[in-house]
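Please read the points below alongside the sequence and the coordinates. They deal with charged side chains first and end with a residue outside that topic.

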Amino acid sequence: MPPDLCWPFEPVCLANGTPSAWVALHGPLVSPPQHDCFAQLRRCGARLVGVSSYFDFPRRDSRDGLDYEAVCEAWCHCFRQPDDHLAAATPRALLSASDFTDWTWVARQAARAAPPGLHDVVYVGAAEDWQAPAKNGALAARCLPRLHLELGLRSLVVGRAERALCGQAGITQVDRLDWPPLLAAMAAARLVFCPNALDPSPRVIAEALCLDRPVLVHRAILGGWKYVNRHTGDFFDDEQDVVEAALRLLGRVTAPRDWFRAHHGPAQAGRRLAGLLRPLDATLAAEAGLWISPAGPRPHPAA
């Protein structure tokens, strides 16, 4: 396997940290270096597992004409209705990159920094233009002012703010935050706001839950919906019901971290990934779990 993998490729590692014969493909190939990396992987016999990490990949981007379902032997997807997005009859599992988030590592990073001011709500918007369809800033611009005007909730917006939010009372906007201060801001908030739309693997939701913060999530979000339940957060549709949903959420006892620890994290996600790939690869028979895309260091095999 080539030692250097560029996005959207990532090695699938064994429990001891060594790369397996498998490589995760997170999104479409849109540059010459990505195509070169793909060619090297094909030459060395690497096996590909598709991961829904870029909009509604594999359906959205056809710039290179590659049939991603044909080159991937299995699929880790985020979809409510996978048959609407995956046509091939390849093995699949409801498994996202964000499922591998390590709650202990996230909490440790949040403790390294102080939150940038006091805020009740944190919304992480687009840092770059291509992220805009996932982050759905237009909906955020309609909802956050109402949360302040009707509930007095102060919001921190991280990323490029919609023009409609500029100068709004109760809303502070910063272009970017390093990861530890961002986590510290979420840990200090009352809830994390996620109006996200075409977002297949919203790590911010997983991180919020790891920090024991409930999430208020757009009902039409592409991925991450599986994290939302009475223990972790609530759904809203638009600016018409966002205040009601926030009141409902803030008035309820939740246990986001306990729920995430019970259902996700590196060990649980690693077992699911191993269960998906083991029937396709006899060399993985002894592997209790595999490792991909964690937020933090490789977990101990017994974690």
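**Notes on the salt bridges**

1. In this predicted model, the side chains of Arg 248 and Asp 234 meet in a salt bridge, with a distance of 2.8 Å from N to O. The two residues belong to distant parts of the chain, since Arg 248 sits in helix H8, which covers residues 242-250, whereas Asp 234 sits in strand S11, and 14 residues separate them in sequence.

2. The two partners are not equally accessible: Arg 248 has a relative accessible area of 36% and is therefore classed as partly exposed, while Asp 234, at 13% relative accessibility, counts as buried because the limit for that class is under 20%.

3. Asp 234 also forms a salt bridge with the side chain of Arg 252, and here the N to O distance is 3.2 Å. This pair again links distant parts of the chain, with Asp 234 in strand S11 and Arg 252 in the loop between H8 and helix H9 (256-263), 18 residues apart. Arg 252 is partly exposed, its relative accessible area being 25%.

4. Which residues are joined into one network by salt bridges that share partners? They are Asp 234, Glu 244, Arg 248 and Arg 252.

5. A further salt bridge is formed by Lys 226 and Asp 99, whose closest N and O atoms are 2.8 Å apart. Lys 226 lies in the loop between strand S10 (215-218) and strand S11 (233-236), and Asp 99 lies in the loop between strand S5 (92-94) and helix H3 (103-110), so this pair ties together parts that are 127 residues apart in sequence. Are these two residues, Lys 226 and Asp 99, buried or exposed? Both of them are buried.

6. For the wider setting, a search of the whole structure finds 13 salt bridges, and the pairs described above, including Lys 226 with Asp 99, should be read with that total in mind.

7. A separate remark concerns Gln 268, which lies in helix H10, spanning residues 266-277. When its neighbours within four places in sequence are left aside, Gln 268 is in contact with Arg 261, Ala 262 and His 263. The C-alpha atom of Gln 268 is separated by 9.7 Å from that of Leu 290, a residue 22 places away along the chain.

Definitions and conventions. Residues are numbered from 1 along each chain as its sequence is written. This is a predicted model: local features need pLDDT of at least 70, side-chain atom pairs count only at pLDDT 80 or more; totals for chains, interfaces and linings use all residues. Side-chain values use heavy atoms; hydrogens and water are left out. A salt bridge is a side-chain nitrogen of Lys or Arg within 4 Å of a carboxyl oxygen of Asp or Glu. Helices (H or I, at least four residues) and strands (E, at least two) are DSSP runs, numbered from the N terminus. Buried means under 20% relative accessible area, exposed over 50%, partly exposed in between (1.4 Å probe, protein chains only). Contact means heavy atoms within 4.5 Å.
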